[in-house]
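Biologist: Could you take me slowly through one enclosed space inside this protein, and tell me what surrounds it? I am new to reading structures, so please connect each step to the next.

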Amino acid sequence: MVSNHLLLEEPIRMASILEPSKSSFFPAMTKIVGTLGPRSRSVEVISGCLQAGMSVARFDFSWGDKDYHQETLENLRAAVKTTKKLCAVMLDTVGPELQVVNKSENAISLKADATVILTPDQGQEATSEVLPINFAGLSKAVKKGDTIFIGQYLFTGSETTSVWLEVDKVNGDDVVCVIKNTATLTGALFTLHASQIRIDLPTLTDKDKEVISTWGVQNKIDFLSLSYTRHAEDVREAREILSKLGDLSQTQIFAKIENVEGLTHFDEILQEADGIILSRGNLGIDLPPEKVFLFQKAAVNKCNMAGKPAVVTRVVDSMTDNLRPTRAEATDVANAVLDGTDAILLGAETLRGLYPVETISIVGKICAEAEKVFNQDLYFKKTVKYVGEPMTHLESIASSAVRAAIKVKASVIICFTSSGRAARLIAKYRPTMPVLSVVIPRLKTNQLKWSFSGAFEARQSLIVRGLFPMLADPRHPAESTNATNESVLKVALDHGKASGVIKSHDRVVVCQKVGDASVVKIIELED
Ligand SMILES: Nc1ncnc2c1ncn2[C@@H]1O[C@H](COP(=O)(O)OP(=O)(O)OP(=O)(O)O)[C@@H](O)[C@H]1O
Ligand SMILES: CC(=O)C(=O)O
Ligand SMILES: [K+]
Ligand SMILES: [Mg+2]
């Protein structure tokens, strides 16, 4: 049977569904990004998150100040040390986010069919009749009949603390709206989303630039999550800013596609960005519900073919308050993996949810099950065809390594890399076994001091499906002679054995350079 979707060709035996899965040394090949906040900032909870499989920590500057996030980050560092689990750091910008400001933090009750006024006059108190907002241009951007959504930050869409409004009329700078559902808004900050309008605000706000050049530089952030990316130019501007901030010239930019404008310019944005975040929280409001899946499938596929990581958000909202996901959510996580996604981003679930560790653990388990039935064969053929011929040498080596590893049933692929490029290309062909990317540090200088490259490259692979980085000892000479290759390989094999991913008599595929030649070799281990 030839199947044209990314599920195993062979029919699955029903009884096999009930067989318990063997536990493996890592939770899943798919990566988990956890947003850290009030419920996930102690060393204990963060350690639990790392053990459960979180490999990227997201710091969202839509709320909280630099000191608050710094304290959380220090705790993350302590947790990384004790658990010996690597974790990358992602700074998420505020961007042109519209917010309702509720200084008094009093609960605001809104009744269906009543009217409420949105005003840019932030001097006013937030009440059931008036809601002050942070944007003066709303009345010019909306028209009668438009829909506006207001909810608690990272609203889940299924709570009684969020509200739909319909624009009734515009009154100077104010927007008069009819309330569509009864709700109580609680908290200091609510996100406001007006469907399918252009917000004439810069993608990087002054506050964002300030945070990046202080907090970002100080903490050498691995990823910049660029909220509300709407054009390729947004990414180019961010890149320009990062390039002048020392180490941050190595920071990768992940463009968040969260509205129709970003969707329209997806192809050009993908070309400029290092990866894409499919921000379904916002995009799910901007798009008609019946179109969301189509965007996901198309966008993930484009990322896969470009060999750039795709990250999907908002998968298990209901786990914010519950220990189990809904059936629909559990199925959605698996489908994201079958679509080809690299990582799942958890927002409210880890930030303010009651069960951050359990959520990561359950999402990891669902991902692992889906990976087992991912139709690698079909995916591989599709990718080779898309790339076409002639292939670059490196891409041909990378795809051959994956093919060889599958043919000989290798337990891992070990890839030597300095820039991280070779490892990413191997991951692009979605091997069924983990890839240990052995990052060989290179000595570099900025004419002031010497330093080793490699740490960024290693951490940045923590968002790529299937890649597990390992930083080689910088005392190793970087030139690839037989002798240096052998000694680094031995360290990598020992590391693999110690973590349980490699066992005696296993076959291992190794990708490395010998002199100037790139080679793929298959080794069979003794005991
Ligand atoms: N230090 C090393 N020792 C042995 N092999 C290496 C080393 N670094 C990279 N390779 C191998 O060289 C080939 C090129 O990979 P890759 O592009 O990642 O290398 P790089 O040195 O990081 O690249 P770049 O040319 O971008 O600096 C791959 O086959 C990779 O496995
Ligand atoms: C994560 C996020 O910003 C979103 O899903 O909209
Ligand atoms: K944000
Ligand atoms: Mg968003």
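**A closer look at the second largest cavity**

Modeller: Strand β12, which covers residues 189–194, gives the most to the lining of the second largest cavity, contributing 3 residues. Please keep in mind throughout that this is a predicted model. A search of the whole structure finds 4 cavities of 30 Å³ or more, and the second largest of them holds about 130 Å³ of space. This cavity is lined by 13 residues, and those closest to its centre are His-193, Ala-194, Ile-199, Tyr-228 and Asn-259. When the lining is sorted by class, 7 of its residues are nonpolar, while 3 are polar and 3 are charged. Domain 1 (27–95 + 202–372) and domain 2 (99–195) each supply residues to this lining, so the cavity lies between the two domains.

From the cavity we can turn to a metal site, where the magnesium ion (ligand 4) has Glu-258 (OE) and Asn-282 (OD1) as its protein donors, at 1.9 to 2.0 Å. Glu-258 sits in the loop between β14 (252–257) and α7 (260–264), whereas Asn-282 belongs to helix α9 (residues 280–286), so the pair ties together parts that are 24 residues apart in sequence. Both of these donor residues, Glu-258 and Asn-282, are buried.

Terms used:
Residues numbered from 1 in each chain as written. Chains lettered and ligands numbered in written order. Predicted model: local features only at pLDDT ≥ 70, side-chain atom pairs only at ≥ 80, totals over all residues. Heavy atoms only, no water. Donors = N, O, S within 2.8 Å, 3.2 Å for Na, K, Ca; no water. Helix = DSSP H or I, 4+ residues; strand = E, 2+ residues; numbered from the N terminus. Buried < 20%, exposed > 50% of the residue type's maximum accessible area, 1.4 Å probe, protein only. 1 Å grid on protein atoms, 1.4 Å probe; cavity = no way out; pocket = protein on both sides within 12 Å on 5 of 7 lines; lining within 4 Å. Points joined across faces, edges and corners; volume = space filled by probe spheres on them. Nonpolar A, V, L, I, M, F, W, Y, C, P; charged D, E, K, R; others polar. Domains from an automatic or database assignment.
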